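Visitor: I should like to learn how the features of a model such as this one are read. Could we take them in order?

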Amino acid sequence: MAGRSKTDRIELLQGTLELLILQTLRWGPQHGHGIGQAIRATSEDVLQVEHGSLYPALHRLDRKGWVTSEWRVSDANRRAKYYRLTATGRRQLSKEQTKWKQLVRAVGRIMKPVEE
């Protein structure tokens, strides 16, 4: 759905951005801007990740050892820091996916209309 207004976008729950970054990096190494673009495109413009949120999250993931980074030349022939999921990050992603599924089920139960 191209052309969503800012009011149609959804604020991410704390920890959700890290989950989305890890999920995006499952597809292979990517630079920060590319990660943000992939999240935006995959969510059909519902989720717009601001640089002020994305890069601190990437640094947290790096400190935790869930991602690693290296400087490379991008497709646009510019120097960019590329992030890659580590083995520890893959294991953490699996744990986070399980927690996310539990959260979605719990919220779904709460949101389900009560039959009168």
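**Reading the model**

Guide: D45 is a useful place to begin: its relative accessibility is 13%, and a residue under 20% counts as buried, so D45 is buried. The model is a predicted one.

Visitor: Where does D45 lie, and what is its phi?

Guide: D45 belongs to the loop between α2 and α3. Its phi is near 70°, a positive value in a residue other than glycine.

Visitor: Which loop holds N77, and is that residue buried or exposed?

Guide: N77 sits in the loop between β2 and β3. Exposed means over 50% relative accessible area, and N77, at 66%, therefore counts as exposed. N77 also has a positive phi, of about 65°, although it is not a glycine.

Visitor: How is Q48 to be classed?

Guide: The class between the two cut-offs is called partly exposed. Q48, at 34% relative accessibility, therefore falls into it. This residue lies in the loop between α2 and α3. Its C-alpha atom is separated by 8.2 Å from that of Q37, and the two residues are 11 apart along the chain.

Visitor: What is the overall order of elements in the chain?

Guide: Read from the N terminus, the order is α-β-α-α-β-β-α, with 4 helices and 3 strands in the chain. Of the 116 residues, 30% are buried. Among contacts with a separation of 6 or more, 54% are between residues 24 or more positions apart.

Visitor: Which contacts does H31 make beyond its neighbours in sequence?

Guide: Contact is judged by heavy atoms within 4.5 Å. Leaving aside neighbours within four places in sequence, H31 is in contact with S74, A80, K81 and Y82. H31 is found in strand β1, residues 30-31, and is buried, with a relative accessible area of 18%.

Visitor: How does the span of α3 compare with the span expected for a helix?

Guide: One sets the distance from the first C-alpha to the last against the value expected at 1.5 Å a residue. For α3, residues 51-64, the 14 residues reach 20 Å, close to the 20 Å expected.

Visitor: Which residues of α3 are buried, and where do they lie around the axis?

Guide: The buried residues are L54, A57, L58 and L61. They cover an arc of only 105° around the axis, so they are on the same side of α3. The face turned away from that buried side carries the exposed residues G52 and R63.

Visitor: Against which elements do the buried residues of α3 pack?

Guide: They pack against two helices, α1 (16-25) and α2 (32-42), and against two strands, β2 (67-73) and β3 (79-85). Just after α3 comes G65, with a positive phi of about 85°.

Visitor: How should the meeting of α2 and α3 be described?

Guide: One gives the approach of the axes, their angle and the hand of the crossing. The axes of α2 and α3 come within 10 Å and cross at roughly 115°. The crossing in which α2 passes α3 is right-handed. On the α2 side, the contact is made by G32, H33, I35 and G36, and on the α3 side by H51, L54, Y55 and L58.

Visitor: What classes of residue make up this contact?

Guide: The contact of α2 with α3 has 4 nonpolar and 4 polar residues, with no charged residues. L54 and L58, which take part in this contact, are also among the buried residues of α3.

Terms used. Residues are numbered from 1 along each chain as its sequence is written. This is a predicted model: local features need pLDDT of at least 70, side-chain atom pairs count only at pLDDT 80 or more; totals for chains, interfaces and linings use all residues. Side-chain values use heavy atoms; hydrogens and water are left out. The expected span of a helix is 1.5 Å times one less than its number of residues. Buried means under 20% relative accessible area, exposed over 50%, partly exposed in between (1.4 Å probe, protein chains only). The arc is that of the directions from the helix axis to the C-beta atoms. Axes are lines fitted to C-alpha atoms, for helices over the stretch in contact, and angles run from 0 to 180 degrees between N-to-C directions. A crossing is left-handed if the near helix is turned anticlockwise from the far one by less than a right angle, and right-handed if clockwise. Ala, Val, Leu, Ile, Met, Phe, Trp, Tyr, Cys and Pro count as nonpolar, Asp, Glu, Lys and Arg as charged, and the others, Gly among them, as polar.
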